[in-house]
Amino acid sequence: MASSAQQLHPPGLGERGNEASIAVDINAAGQVAGIIEEDSGRQRAVLWDKRLVELGTLGGSDSFTRGINIGGDVVGSAQDSDNHWRAFVFRAGLAMRDLGTLGGNSSYGMGISRSGQAVGYADTSDGYFHAFSTGRNGDGPLVDLGTLGGNISYAAGVNTDGVIVGTAALSDGYRRAFIYKPGEGMKDLGTLGGRSSGATAVNDSGVVVGTSETPDRRWHAFVHDGKKMVDLGALIGYGDSFATSINAAGHVVGSIRIGDERRSFVYRDGKMSVHPGGFGLYLVNNINAEELVIGARYVGKKFQASTMHSAQRPVVTHGGTDLVSLILVVLACTAGIVIYRRRYRGIVMQGANRIIRFKFPQN
């Protein structure tokens with residue numbers, strides 16, 4: 001087995017070497033949903049399926065992907081002609097489909113199930129973001145999943161059974177990881193002793209991963225088996241950690257922040273592996289059933305979409321810590337810890353060099 005993180009082919013998911021790129025999701029067939037950023041700053045949703053497929057937009061300039069299912073259906077967000085962000089589903093041979101909103105102007109697609117059920121979050125008529133779901137086959141109008149007593153919620157992932165996870169506000173304003181089961185509604189998954197938490201992914205066994213605040217105000221990756229929340233950050237032992245994905249075997253991947261340094265981790269078969277130096281995969285987004293971990297390396301002051309096997313120990317290479325704007329979209333949309341401010345329509349999250357604020361277009 002190769003010892004280093006492997007760059008996806010074609011290089012950087014792009015056709016021109018000067019483009020930055022991030023691999024966002026990969027399915028069992030090896031199809032990769034990703035994002036390319038041009039030198040101009042324009043971001044493009046792409047699908048790599050033996051060749052690069054440009055997914056386009058909904059009439060605006062930018063778009064990005066967030067998930068892909070086994071059938072190759074891609075979920076993400078794209079700008080329309082009024083520069084509003086709208087959640088979309090892209091299916092090969094068909095045009096990009098606008099999923100609509102919950103009464104406002106904007107929506108963001110975050111996850112998609114095997115059957116095509118899409119989840120994310122959208123503006124309501126009163127100006128708050130609420131988690132949404134489509135029908136089990138991706139059909140019908142968006143369904144508002146509600147909150148945990150507060151004003152906002154964000155759906156991040158969905159499994160084959162229609163179990164949805166994400167982050168929702170309590171009546172006191174703090175955010176909590178939630179699990180939403182059909183017929184049962186939204187349930188608070190609690191924290192690791194702190195005030196807030198957020199869920200990012202769920203596998204088909206119903207095991208949830210995400211990030212929680214601890215009593216000492218640090219952020220630790222967690223895995224929730226349906227009974228209790230297990231602190232993965234305690235196994236790492238240092239830095240803030242953020243779990244981003246879990247596969248069918250229960251293997252968890254994510255990132256660690258230690259000052260300005262980034263490291264990636266894999267929790268596999270009860271053992272925690274931290275990749276030294278953090279530049280094997282600088283940004284980790286997903287792991288599929290075939291144990292492929294995907295994300296991006298930081299090479300030559302830009303990101304390049306990359307992959308490695310979950311058992312690999314990547315060779316340490318060194319790069320800068322100056323982030324390009326592409327990471328803002330991916331981190332903002334991956335993070336489970338979100339703070340909503342009505343006067344400033346953005347997402348504030350923990351997980352980069354500092355608190356990053358990505359300002360979405362105004363409604």
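Four strands make up an open sheet in the order β6-β7-β8-β9. Their pairing is antiparallel. The model is a predicted one. β6 and β9 (97-98) are the edge strands of this sheet, and each pairs on one side only.

Start at the β6 edge. β6 pairs with strand β7 (residues 74-80) in the antiparallel sense, over six bridges. Two positions show how the strands line up. Phe-64 has Ser-77 in β7 as its bridge partner. Gly-67 stands opposite Val-75 in β7. The two strands form a hairpin, with five residues between β6 and β7. Gly-72 sits in that turn and has a positive phi of about 90°. β6 itself is mostly covered, with seven of its 10 residues buried.

Stay with Phe-64 and turn to the aromatic rings. The model holds six aromatic pairs. Phe-64 and Trp-85 form one that is tilted. Their ring centres lie 5.1 Å apart, with 50° between the planes. This pair links distant parts of the chain: Phe-64 belongs to strand β6 and Trp-85 to strand β8 (residues 85-90), 21 residues apart. Which state do Phe-64 and Trp-85 share, buried or exposed? Both are buried.

Another pair joins Tyr-108 and Phe-129. Here the geometry is edge-to-face, at 5.7 Å centre to centre and 75° between the planes. The angle is over 60 degrees, so the pair counts as edge-to-face rather than tilted. Tyr-108 lies in strand β10 and Phe-129 in strand β12 (residues 129-133). These two are 21 residues apart, and the pair links distant parts of the chain. Tyr-108 and Phe-129 are both buried. They also belong to a wider group. Ring pairs link Tyr-108, Tyr-121, Phe-129 and Tyr-154 into a cluster.

Now move to another sheet. Four strands form this open sheet in the order β2-β3-β4-β5, with antiparallel pairing. Its edge strands are β2 and β5 (52-54), each pairing on one side only. Neighbouring strands here are turned by 30° against each other on average, direction ignored. At the β5 edge, strand β4 (residues 43-48) runs antiparallel to β5 and is joined to it by three bridges. Val-46 stands opposite Glu-54 in β5.

Further along the chain comes β26 (283-287). Why is β26 described as largely enclosed by the rest of the structure? Five of its five residues are buried, so the surrounding structure largely encloses it. β26 pairs with strand β27 (residues 292-299) in the antiparallel sense, over four bridges. Leu-283 stands opposite Ala-296 in β27. β26 and β27 form a hairpin with four residues between them. Glu-291 lies in the turn and has a positive phi of about 70°.

Several of these strands meet again at the largest pocket. Its volume is about 800 Å³. The lining takes in 37 residues. The closest to the pocket centre are Asp-25, Ile-68, Ile-112, Val-158 and Asn-286. Which elements each supply at least two lining residues? They are β2 (20-26), β6 (59-68), β10 (103-112), β14 (149-158), β18 (197-202), β22 (240-246), β26 (283-287) and α2 (326-334). β2, an edge strand of its sheet, is thus on the list together with β6, which is an edge strand of another sheet. By class, the lining divides into 16 nonpolar, 17 polar and four charged residues.

The second largest pocket holds about 220 Å³ of space. It is lined by 14 residues. Nearest its centre lie Ile-179, Lys-181, Lys-187, Leu-189 and Gly-226. Two or more lining residues come from each of β16 (175-181) and β17 (185-188). β17 gives the most, with three residues. The lining of this pocket has five nonpolar, five polar and four charged residues.

Key. Residues are numbered from 1 along each chain as its sequence is written. This is a predicted model: local features need pLDDT of at least 70, side-chain atom pairs count only at pLDDT 80 or more; totals for chains, interfaces and linings use all residues. Side-chain values use heavy atoms; hydrogens and water are left out. On a 1 Å grid over the protein atoms alone, a cavity is a set of points where a 1.4 Å probe fits but cannot get out, and a pocket is an open set with protein on both sides within 12 Å along at least five of seven lines; lining residues have an atom within 4 Å of a point. Grid points are joined across faces, edges and corners, and a volume is the space filled by probe spheres set on the points. Ala, Val, Leu, Ile, Met, Phe, Trp, Tyr, Cys and Pro count as nonpolar, Asp, Glu, Lys and Arg as charged, and the others, Gly among them, as polar. Rings of Phe, Tyr and Trp (its six-membered ring) pair if their centres lie within 6.5 Å; planes under 30 degrees apart count as stacked, over 60 as edge-to-face and the rest as tilted. Buried means under 20% relative accessible area, exposed over 50%, partly exposed in between (1.4 Å probe, protein chains only). Two strands pair if DSSP finds at least two bridges between them. Axes are lines fitted to C-alpha atoms, for helices over the stretch in contact, and angles run from 0 to 180 degrees between N-to-C directions.
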